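These are my notebook entries on a protein chain. I set out to look up its aromatic rings, its helices and a few single residues.

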Amino acid sequence: MNPSSADRSPTGRSTTGASSTGDNLLRLPPRTPGPGQRLTRTAAARYLGVSPLRLGALNWLGAGPEEQGGFYRLETLDRYIAELYRKADLSDTEMTRRTHARAAQRLAALTGDTAAPATPDPFVLLATRSELVENGMFFLFKLMALFGLVLMAVSISPLIHTHF
């Protein structure tokens, strides 16, 4: 009795889990995005077409898509992109055209394919630059007001008059 026939069941299938031909490898399609899929900052930045540093700066300033525990939900990213198009007053047709043009890049971000080059999205870069400037200026004005208050408090203290 040869070893290959001893490992086979009466139906002709291998009982050891290995095929005698060696071609039982299954190739599954890439995981499709689910409604609750969460992405890391790097994958979310690639999905949006910006750098992870820019996405982190947006979150630090209180702008950009909502981050939940270091992850971004896919629905949140899609809503954020739609909001950027709405703020820019672009039509739904233009939004659909641009979305289809970036579909391959977004799918690569969802499947974790790092072989495909990450190309920035010019529209999202312009729109997020506007948000960075707007929120950055607000933060700068708050910082200047705080510095002014500290300067006023220190200027009337006797310590500053003894050193100058």
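**Entry 1: aromatic pairs.** I searched the whole structure, which is a predicted model, for aromatic pairs and found 2. I noted that tryptophan 60 and phenylalanine 139 make an edge-to-face pair, with 5.0 Å from centre to centre and 65° between the planes. The planes count as edge-to-face because the angle is over 60 degrees. I then looked up where the two rings sit: tryptophan 60 is in helix H3 (residues 52-60) and phenylalanine 139 is in helix H7 (residues 122-155), so this pair ties together parts that lie 79 residues apart in sequence. Are the two residues buried or exposed? I read a relative accessible area of 61% for tryptophan 60, which is exposed, and one of 33% for phenylalanine 139, which is partly exposed.

I turned next to tyrosine 85 and phenylalanine 123, whose rings form a stacked pair at 4.4 Å centre to centre and 5° between the planes. Tyrosine 85 belongs to helix H4 (residues 74-87) and phenylalanine 123 to H7, so the pair ties together parts 38 residues apart in sequence. I recorded tyrosine 85 as buried, at 2% relative accessible area. Phenylalanine 123 also counts as buried, at 12% relative accessibility.

**Entry 2: charges over rings.** I looked for charged groups over aromatic rings. The charged end of arginine 38 sits over the ring of phenylalanine 71, at 4.3 Å from the ring's centre. I also noted arginine 106 over the face of tyrosine 47, where the distance to the ring centre is 5.4 Å.

**Entry 3: the chain as a whole.** How many helices and strands are in the chain? I counted 8 helices and 2 strands. Starting at the N terminus, I wrote the order of elements as α-β-α-α-β-α-α-α-α-α. The chain has 164 residues, and buried residues make up 24% of them. I also checked contacts between residues at least 6 apart in sequence, and 64% of these join residues at least 24 apart.

**Entry 4: H2 against H3.** I looked up how helix H2 (residues 41-48) meets H3: their axes come within 8 Å and cross at roughly 100°. The two helices are therefore roughly perpendicular to each other. On the H2 side I listed Arg41, Thr42, Ala44, Ala45 and Leu48, which meet Pro52, Leu55, Gly56 and Asn59 of H3. I sorted the residues of this contact into 5 nonpolar, 3 polar and 1 charged.

I then asked which residues of H3 are buried. They are Arg54, Leu55, Gly56, Leu58 and Asn59. Their cover includes H2, strand S2 (72-73), H4 and H7. After H3 comes glycine 62, which has a positive phi near 85°.

**Entry 5: H6 and its surroundings.** In H6 I found Gln105, Arg106, Ala108, Ala109 and Leu110 buried. Among the elements covering them are strand S1 (38-39), H2, H4 and H5. I looked at glutamine 105 separately; it is located in helix H6 (residues 103-111) and is buried, with a relative accessible area of 9%. Setting aside residues up to four places away in sequence, I found glutamine 105 touching Arg46, Pro117, Ala118 and Thr119. Glycine 112 follows H6, and its phi is positive, near 80°.

**Entry 6: two loop residues.** I located proline 120 in the loop between H6 and H7. Its C-alpha atom is separated by 7.8 Å from that of serine 51, although the two residues are 69 residues apart along the chain. When neighbours within four places in sequence are left aside, proline 120 is in contact with Gly49, Arg102 and Leu125.

Which phi value does aspartate 89 have? I read a positive phi of about 60°, although this residue is not a glycine. I noted beside it that most residues other than glycine have a negative phi. Aspartate 89 is placed in the loop between H4 and helix H5 (92-101). At 68% relative accessibility, I entered aspartate 89 as exposed.

Technical notes:
Residues are numbered from 1 along each chain as its sequence is written. This is a predicted model: local features need pLDDT of at least 70, side-chain atom pairs count only at pLDDT 80 or more; totals for chains, interfaces and linings use all residues. Side-chain values use heavy atoms; hydrogens and water are left out. Rings of Phe, Tyr and Trp (its six-membered ring) pair if their centres lie within 6.5 Å; planes under 30 degrees apart count as stacked, over 60 as edge-to-face and the rest as tilted. Helices (H or I, at least four residues) and strands (E, at least two) are DSSP runs, numbered from the N terminus. Buried means under 20% relative accessible area, exposed over 50%, partly exposed in between (1.4 Å probe, protein chains only). A charge sits over a ring if NZ of Lys or CZ of Arg is within 6 Å of the ring centre and within 35 degrees of the ring normal. Axes are lines fitted to C-alpha atoms, for helices over the stretch in contact, and angles run from 0 to 180 degrees between N-to-C directions. Angles under 35 degrees count as roughly parallel, over 145 as roughly antiparallel, 65 to 115 as roughly perpendicular and the rest as oblique. Contact means heavy atoms within 4.5 Å. Ala, Val, Leu, Ile, Met, Phe, Trp, Tyr, Cys and Pro count as nonpolar, Asp, Glu, Lys and Arg as charged, and the others, Gly among them, as polar.
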